[in-house]
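Me: I would like a close look at one part of this model, taken slowly and with the reasoning spelled out. Please begin with the question I put below and then connect it to what lies around it.

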Amino acid sequence: MNEAVQTSSEFAPRVFSGIQPSGGLTLGNYLGAMKRFVDTQNTGVQSIYCMVDQHAITVWQDPDKLRRATYELCAGYIASGLDPEKSILFNQSQVPEHAQLGWVFNCVARMGWMQRMTQWKDKAGKNQQNASLGLFAYPALMAADILVYHATHVPVGEDQKQHVELTRDIAAKFNHDYGVDFFPIAEPVIEGAATRVMSLRDGTKKMSKSDPSDASRINMTDDADTIAKKIRKAKTDPDALPSEAKGLEDRPEARNLVNIYAALAETSVDAVLAEVGGKQFSEFKPILSELAVSKLAPISTEMARLMEDTTEIDKILARGAEQARAIAQPILKETYKIVGMVGA
Ligand code: TRP
């Protein structure tokens, strides 16, 4: 056994998460992922964040757009406060161990498990015969992303919980079939309602980069004026704000704006309502707008700076890939040994 690799059931806590570079970062990505990642990084736990370009190509991606989206995602992470000195930040395709372990997991996962994945069913729809094989196998690659680092905690949105559960099944089957205790059973860390950001035009729909209306979302690249204008125009209802969270039930737009305020101010909905309860939206919106601009405009400015000349990003990613490989290589090597591959 390789000394560098942990093989007991006591795995050191290590966080891993991935985001697809599919373009169009919104306030939802910021609050639901990036800001959470930065907060986690600042607790001191080892954190590894990956831009999963190999996942992105499971559906068609224009090469120039994919490249740009990857740079933009990296710029978004850094502008949000992710510190490459504290976290490992890298691009999946620069660390071949993901795809290599992914192949082993393709041989561990069962067809039946994959066929049950709701995201596969939703994305492939009625046209499964025409979906890429990669789209079907994608959750096994996601398991490899996580387990090639022996990660123990995986912050994800609710929609990815099933894939983390599959990761646990793959780890358990591998450990069982080979009679080892090699891969940890990773825990999903699901985002709370507080960071689930809804559309500014319809509080029952998730804020989405693919909504045809740009006014429905705040983009991480929006400048101060655009942010202020979108908040001013956000849909509301005619009532004053309640003074307790209970009063937001059945008021999706009001709840969304208060949630956004609470998340940006890093406080609770109740604390916000204790201050603004009784106010009309005409009074609350300027307060929200001021906060949103003060938190988000510096991010878009920094993203624009980083995007102007991508050499800085290239350097960060090269270093991140090196750090990631230093962890992944011995784990892959040990996996190959366990499986019986000569030369490992
Ligand atoms: N599947 C995730 C998504 O679409 C992205 C992802 C890929 C991921 N690999 C991961 C998330 C590993 C967490 C851990 O959002």
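Is Glu-253 buried, partly exposed or exposed, and at what relative accessibility?

Reply: Before anything else, please keep in mind that this is a predicted model. Glu-253 has a relative accessibility of 10%, and because buried means under 20% relative accessible area, Glu-253 counts as buried. The side chain of Glu-253 meets that of Lys-235 in a salt bridge, with 3.6 Å from N to O. Glu-253 belongs to helix α10, which covers residues 252–265, while Lys-235 sits in the loop between α9 (224–233) and α10, so the pair ties together parts that are 18 residues apart in sequence. Lys-235 is at 38% relative accessibility and therefore counts as partly exposed, so this salt bridge has a buried acidic partner and a partly exposed basic one. Elsewhere, salt bridges with shared partners join Asp-214, Arg-217, Asp-222 and Lys-230 into one network.

A similar pairing can be followed between Lys-205 and Asp-211, whose closest N and O atoms are 3.7 Å apart in a salt bridge. Here Lys-205, at 41% relative accessibility, counts as partly exposed, whereas Asp-211, at 13%, counts as buried.

For a contrast, you may turn to Arg-319 and Glu-85, which form a salt bridge with their closest N and O atoms 3.6 Å apart. Arg-319 lies in helix α13 (residues 311–339) and Glu-85 in the loop between α3 (63–79) and β3 (88–91), so this pair ties together parts that are 234 residues apart in sequence. Arg-319 is partly exposed, with a relative accessible area of 37%, and Glu-85 is exposed, with 61%. A search of the whole structure finds 17 salt bridges, and the pairs described here are among them.

Returning to the region of helix α10, which runs over residues 252–265, we can also look at Leu-264, which is one of the residues that touch the most other members of the largest nonpolar core, a set of 56 residues. Helix α12 (residues 281–308) gives the most to this core, with 10 residues. Leaving out residues up to four places away in sequence, Leu-264 touches Leu-27, Tyr-30, Leu-31, Leu-291, Ala-292, Lys-295 and Leu-296. Apart from this core lies another, of 46 residues, which includes Ile-88, Trp-113, Phe-174 and Ile-338.

How values were computed. Residues are numbered from 1 along each chain as its sequence is written. This is a predicted model: local features need pLDDT of at least 70, side-chain atom pairs count only at pLDDT 80 or more; totals for chains, interfaces and linings use all residues. Side-chain values use heavy atoms; hydrogens and water are left out. A nonpolar core is a set of buried Ala, Val, Leu, Ile, Met, Phe, Trp, Tyr and Cys residues joined through side-chain atoms within 4.5 Å. Buried means under 20% relative accessible area, exposed over 50%, partly exposed in between (1.4 Å probe, protein chains only). Helices (H or I, at least four residues) and strands (E, at least two) are DSSP runs, numbered from the N terminus. Contact means heavy atoms within 4.5 Å. A salt bridge is a side-chain nitrogen of Lys or Arg within 4 Å of a carboxyl oxygen of Asp or Glu.
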